[in-house]
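Open your viewer and get ready to click along. We will go from the whole chain to a few chosen residues.

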Amino acid sequence: MAEVALCLADDVPPAEMRVFDVGNVSVVVVNVGGQFVGLRNWCPHHGAPIGRGRVERTLVPSAPHDLELGRDFQVLVCPWHRWEFNMTTLQCLADPRFTLRSIPVRLYEGRLYAQLVEDGTGRSDDDPGRRGHVEQTGH
Ligand code: FES
C-alpha cells in the first residue's frame, strides 16, 4: 500500500470537498462535520465525477404537507442526476444498493494522506467497515 500526501487538513473546510489526482486515481476528500471522508471520484450511477457535486442537506420525514430539511451537510449530491449519498454509509439515499467507493484517508500532524493499494486504487472494496473515514494518528 502506498500513502500519498494530499494537503493540509485546513485546506478542506467543513461541508466542502477537494479533488486530487494521484497517479491514475482521482481522489475526493470531503469534510463532513470535521471528519474527513475519502472517495474515488466516481458516481455508481453513471460514473459522474462526484467531486463536482455538492455537500448539502436533504428532505427528512416530516408532518403531512410540511417540507423539512435535515441531515445538514451529511449528504453528497451527484452533479449529473442529483442522486444523494449518505456520507456516513456512502449509500444512495434512494437506493442503498448503490454505494460510493471509499479511499482511506489518514490525518497526521495536520495533513491528509490517501492510502492506495499497489495498483493505485483505494482498497475500501475489500474492507467495507472502513468506509473511507479518516484515521487520526500521532495524537
Ligand atoms: S451519474 Fe451520479 S446520479 Fe447519475
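Which pattern does the chain follow, read along the sequence? Show the whole chain as a cartoon: the pattern is β-β-β-β-β-β-β-β-β-β, with 10 strands and zero helices. Helices (H or I, at least four residues) and strands (E, at least two) are DSSP runs, numbered from the N terminus.

Before you select anything, note that this is a predicted model, where local features need pLDDT of at least 70, side-chain atom pairs count only at pLDDT 80 or more, and totals for chains, interfaces and linings use all residues. Residues are numbered from 1 along each chain as its sequence is written.

Next, select residues 35-40, which form β4. Five of the six residues of β4 are buried, so this strand is largely enclosed by the rest of the structure. A residue is buried if 20 or more other C-beta atoms, placed from the backbone, lie within 10 Å of its own. Across the 139 residues of the chain, 30% are buried.

Now add β3, residues 25-32. β3 and β4 pair in the antiparallel sense over six bridges; strands pair if DSSP finds at least two bridges between them. Click V27 and you will find R40 of β4 opposite. Two residues lie between the strands of this hairpin, and G33 in the turn has a positive phi of about 60°.

Finally, select V29. Which residues does V29 touch, leaving out those up to four places away in sequence? They are L6, V12, M17, R18, F36, G38, V105 and L112, where contact is defined as C-beta atoms, placed from the backbone, within 7 Å.

Note on methods: A residue is buried if 20 or more other C-beta atoms lie within 10 Å of its own, exposed if 12 or fewer, and partly exposed in between; C-beta atoms are placed from the backbone. Two residues are in contact if their C-beta atoms, placed from the backbone, lie within 7 Å.
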